[in-house]
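Grab a pencil and work through a few short exercises on backbone geometry and strand pairing. Each task comes with a solution to check yourself against.

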Amino acid sequence: MMIQVAPIAPIGVSIPSQNRNKLQPWRTRKNGDNLPVFVSKKPGRFGNCRCQKTDRLNDIIGKEINGAVDMVAAEMNANNVLVDRIVADQAERKPRAGTNEKESQIEKEAWSLLRSAVVNYCGSPIGTIAANDPTDPSMLNYDQVFIRDFIPSGVAFLLKGEHDIVRDFILHTLQLQSWEKTMDCHSPGQGLMPASFKVRTVPRDGDDDATEDILDPDFGEAAIGRVAPVDSGLWWIILLRAYGKFTGDLSVQERTDVQTGIKMILKLCLADGFDMFPTLLVTDGSCMIDRRMGIHGHPLEIQALFYSALRCAREMLTPEDGSADLIRAMNNRLIALSFHIREYYWVDMKKLNEIYRYKTEEYSYDAVNKFNIYPDQISTWLVEWMPDRGGYFIGNLQPAHMDFRFFSLGNLWSIVCNLATEEQSDAVLDLIEAKWNDLVADMPLKICYPALEGQEWQIITGSDPKNTPWSYHNGGSWPTLLWQLTVACIKMNRPELARKAVVVAEKRLSRDGWPEYYDTKRARFIGKQARLYQTWSIAGYLVSKLLLRNPEFAKILTCEEDMELLDACYCLLLEANPKRKRARKKASKSYIV
C-alpha cells in the first residue's frame, strides 16, 4: 500500500495556500487503494462518472519561478515561438496527410487496429494500449497506455487530423507527474513521468449503482526490474512540441501547469551530480531497452532524446515566467552535450584507426585518449563490419569502455534532432544502406547490432531467457523503428531509403499479425515471446506511410542546426584538440560551460 502525501512544489516555485488543494486531484478510497481519482460533476461515459476534465486545470500553480529573463534568452524564445507559429499556420492551410492518395488495404487494416486500441477516459480518448492480442490470455501490462509506445500513435493521429486524443494524452499524463511515487519508502525526484498508466472503472464509494474512472500510473515500482523510465518525460516534451507545431494551437504549451511540468522535467535532468560528463547517467533498462542489456551509464538513446527534449523545451518555455537561469543552463548543456557526442561517440574507419593506435595511461590535460580506452576493445567483428563509407555513434562511453554496438534508435534520433552533424547524419544512413542485410534484411529494423552471444551474453544479461542472441532487445528486429528511420531519411532528403524499408515491412507485417518484434539474424521468425497486434508496430508503419506521402510534415519532429551552438562547439573542439589551436576562432557569442 502506498502512502500518498501532497506533492512538493518544484524548487523555486511558491504555491499560494488557496491553490495547494488543487495539486491533489485524487481522493483516498475507503477500501484502502490510494489510486488517483478525478472528480467532476459532469457525467461521463460510465453513467455517473465524475472524472475531472483536463480543460479545468488551468490554474493549478499560483506563483511561478522568480527572476528576470535576460534579453538574449527572451529574444531567442520569442523568435522560436514566432517561427513555430508561421510553420504551424502553413501546416493548417495544407491538406492533411492521407487526402492526396488512396489508402492501401494494409493501411485501412492498420487504422482499424489502431483505433481499436484506443483507451477512453470519461468518454474521451486518452491513449492507446500497448497491444491488443486476442490470442494472448496473459496481458501482463500490455493493456496499459505507455508513454513511449503512444508517441508513434500520437504522431499518426496528428497527421490524420485527429488532435484531441493527443491533447488529452498530454494533459492527463501531466497530471500524473505530480503524484506521490514510492518504492520501499523511497521517492524519486520531482518531475518523473510514469512509464505507463491504466484506466480503471470502479464502483463509486457510497453508490453501488454508479461508477467512476481512475488513472492508475506505474512509475517503475511495478515494472520488471523496478527501473524508473527516464525516457518518458523526454518523449512527452517532444510530443508536446509536435502537437503545437502541427496544429498551431500553442495554448496548450503556454498553460501554467504545462510550463511548470516542462520545468520539473528539466530540473530533474539538469540537476547537479558527481558526473564529469554532460551526458545523462542512467541505470540499465531505463528506456526502450527496458531489461538488463549492458546499457547502464550514458547510453546513446537517452542522450539523443535528452538533447531533443532540451531543444524542444527551449522553444516552448515562455519568456515572461522568470526562466532565465533555466534557459542559460539548457544552452550550456546543449553546447557541451552536442560537442561530447559528436566528438567522442562517433566512429568511422578513420576514427577506428585512431583508437587502434591510442596510447594508454595518459595523465595530462592535453591527453588524446581522454577516457583511457584500450585499443584491444576493438572487436574483430567491427574491423570487418565497418564500411569504408559510413559511420555511426557508439552505444555508450564510460572511462575505459566504449560500447561499439550499433543502436538504431539512438543513431536515428541523433539525425532527427540534429545532434549529429550533416556529414555524420549522411554517414549513418550510408552505413544502414551498406549494411542493409544485417540491419534490415527481412524486417526493419535491428534494435542493436550485433547480438551478445556466449559468455558475453551470460555475463551482461545475466542469462536472460528473453534476451537470447538475436531476439527481443538482443539483436531483435522491431517494426516500430520504421517511423524513426523514415523521419531521419526525409530530413536528410533520402526518402527512397525509407520507402525501400516500408516495402520490406509490408510483405509480412499484416500477414504475421503485426508482431512486436522478430527473431534471428535476418528477422525470419516472429519473436518467440512477441505480442501480436502490437500498437506501436501498427502506428510506426502508419506514420511512415503518412510522412512519405507528405514529407513536409516531418518538420514537426525535426530540429535544424543551431548556428550559435555550432559556433560554440567549434570553439570547444579547438580547445579539446591542441593540434588545432593555431587555427582558433572566436565564437560569435560566449557561453559559460
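**Exercise 1.** Work out whether A523 is buried or exposed.

*Solution.* Start with the cut-offs: buried means under 20% relative accessible area, exposed over 50%, and partly exposed in between (1.4 Å probe, protein chains only). A523 has 0% relative accessibility, so it counts as buried. Next, check the backbone: A523 isn't a glycine, yet its phi is positive, about 60 degrees. Finally, place it: A523 sits in the loop between β10 (518-519) and β11 (525-526). Helices (H or I, at least four residues) and strands (E, at least two) are DSSP runs, numbered from the N terminus.

A quick word on the source: this is a predicted model, where local features need pLDDT of at least 70, side-chain atom pairs count only at pLDDT 80 or more, and totals for chains, interfaces and linings use all residues. Residues are numbered from 1 along each chain as its sequence is written, and side-chain values use heavy atoms, with hydrogens and water left out.

**Exercise 2.** Do the same for W470: buried or exposed?

*Solution.* W470 comes out at 9% relative accessibility, so it is buried. Its phi is positive too, about 65 degrees, and it is not a glycine. You'll find W470 in the loop between α16 and α17 (482-491).

**Exercise 3.** Find the cis bond that involves P450.

*Solution.* Look at the bond from Y449 to P450: it is cis, with omega near -5 degrees. P450 belongs to the loop between β9 and α16 (454-461).
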